[in-house]
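Got your viewer open? Keep the selection box handy, and we'll go from stop to stop together.

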Amino acid sequence: MTNPADHQPVVHVTPPPAGPTEADLSALARMLGQYAPFDGRHELRLPGISAVRGSRLNDQLVHGVYRPSVCIVARGAKRVFLGSEVYEYNESVMLLSSLELPVAAQIIRASHAEPYLGVTVELNPHRVAELAHRVFPYGLPPLKDTRGIGVGESTTEIVQAATRLLTLLHDERDAELLAPLVVDELLIRLLRGPMGGRVAQIGQGESHVQRVARAVDWVRAHFDQPMNVEALAEMVHMSPSSFHGHFKAVTNMSPLQFQKALRLREARRLMLTAMLDVTTVSRQVGYTSASQFIREYGRLFGNAPARDIALLRAQGQAPAALN
């Protein structure tokens with residue numbers, strides 16, 4: 001008599017990708033230490049690749065704009081705020097940004113002995129689209145969460161690829177001829193991983209994410225002008241109600257909140273770098289009321305404009321510019 005189990009189909013279970021080993025992380029940290037000898041963001045030889053170092057915890061939030069990119073951490077941890085939501089990433093967790101978003105961030109684990117070290121790779125939508133068609137020849141995976149920022153587990157393969165990429169950037173010819181191939185490898189591994197659906201949306205011009213991204217581009221280029229939400233919706237081929245819903249789903253902000261965030265960050269930069277007074281800068285970024293500007297500035301940055309700028313100058317800090 002045969003055992004019915006003998007006739008059952010064999011199911012092959014693919015094990016989940018392994019997290020990066022300490023040896024992998026140490027190798028990446030050594031490379032980042034060479035490119036980032038002091039705190040700050042260091043643009044590297046290949047456009048869109050940068051090394052980030054931070055040797056102290058941030059007591060206050062650092063405000064700036066994240067571009068479509070993935071951040072891979074070798075040492076330390078960081079926290080990012082998008083509206084009311086908080087995302088943390090570290091040696092075992094990567095951060096993915098699908099479009100340009102105004103965020104606040106802080107390093108939450110670092111020291112002079114063990115600084116925060118990370119590499120950021122910007123994601124080109126056209127290249128993402130080309131590779132996504134090869135990775136998903138029968139259609140993209142369903143995407144339930146369209147938020148513009150997400151986190152996912154890092155892997156040994158991705159950390160090793162990031163290390164090879166940085167190694168190639170030492171040599172001009174290697175950077176020109178070979179480094180783009182490793183960037184493609186990173187993209188393919190991201191597409192094949194748990195965040196593959198999110199990454200693929202970056203290259204899909206008519207996805208809800210990319211329609212919102214086009215609206216975001218317009219708002220960033222015209223943040224000092226009055227906003228017409230109906231005209232923005234028409235520009236990206238959505239009804240006003242659908243546009244508002246998808247914009248909030250992707251950015252965690254309404255279009256007007258998004259514009260306000262851009263205006264206030266640019267005002268802060270201008271006061272610090274161009275020495276503009278409150279009345280002048282409020283008009284320059286699109287406010288008709290200086291008192292309203294002061295109230296909203298205080299809500300975002302925690303201090304009135306004059307006090308905030310004085311503290312920044314005393315600490316030798318500079319906010320990130322809109323880029």
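Which residues make a nonpolar surface patch of about 280 Å²? Select Leu-177, Leu-178 and Leu-181, and you have the three that form it. Now keep just Leu-181 highlighted: this leucine belongs to helix α5, which covers residues 179-192. Is Leu-181 buried or exposed? Its relative accessible area is 53%, and anything over 50% counts as exposed, so Leu-181 is exposed.

Before going further, a word about what you're looking at. This is a predicted model. Colour the chain by pLDDT if you can: the mean is 90, and 92% of the residues reach 70 or more. Then select residues 1-14, where pLDDT stays under 50. For that stretch the model has one contact beyond four places in sequence.

Next stop: the aromatic rings. The structure holds five aromatic pairs. Start with Phe-247 and Phe-258, and show their side chains. Their ring centres are 5.5 Å apart and the planes meet at 85°; since planes over 60 degrees apart count as edge-to-face, that is what this pair is. Where do the two rings sit? Phe-247 is in helix α9 (residues 240-251) and Phe-258 is in helix α10 (residues 255-273), so the pair ties together parts that are eleven residues apart in sequence. Switch on the surface for a moment: Phe-247 and Phe-258 are both buried.

Now select Phe-293 and Tyr-297 for another aromatic pair. Here the distance is 5.7 Å centre to centre, with 55° between the planes, and the pair is tilted. Both residues are in helix α12 (residues 290-301), and because they are four residues apart there, about one helical turn separates them. Phe-293 is buried, and Tyr-297 is buried too. Add Tyr-287 and Phe-301 to your selection, and you'll have a cluster of four residues linked by ring pairs: Tyr-287, Phe-293, Tyr-297 and Phe-301.

Keep Tyr-297 on screen and move to one of its contacts, Ile-309. You'll find Ile-309 in helix α13, residues 305-315. Is Ile-309 buried or exposed? With a relative accessible area of 5%, it is buried. What does Ile-309 touch, leaving out residues up to four places away in sequence? Select Arg-268, Met-271, Leu-272 and Tyr-297 to see those partners.

For a last click, draw a distance line from Ile-309 to Ser-289, C-alpha to C-alpha. These two residues are 20 residues apart in sequence and 20 Å apart in space.

Definitions and conventions
Residues are numbered from 1 along each chain as its sequence is written. This is a predicted model: local features need pLDDT of at least 70, side-chain atom pairs count only at pLDDT 80 or more; totals for chains, interfaces and linings use all residues. Side-chain values use heavy atoms; hydrogens and water are left out. Patches are made of residues with over 30% relative accessible area and no salt bridge: like charges are joined within 9 Å, nonpolar side chains (Val, Leu, Ile, Met, Phe, Trp, Tyr) within 5 Å. Accessible areas come from the Shrake-Rupley method with a 1.4 Å probe; for residues, only the protein chains shown count as cover. A salt bridge is a side-chain nitrogen of Lys or Arg within 4 Å of a carboxyl oxygen of Asp or Glu. Helices (H or I, at least four residues) and strands (E, at least two) are DSSP runs, numbered from the N terminus. Buried means under 20% relative accessible area, exposed over 50%, partly exposed in between (1.4 Å probe, protein chains only). Contact means heavy atoms within 4.5 Å. pLDDT is the predictor's confidence in each residue, from 0 to 100. Rings of Phe, Tyr and Trp (its six-membered ring) pair if their centres lie within 6.5 Å; planes under 30 degrees apart count as stacked, over 60 as edge-to-face and the rest as tilted.
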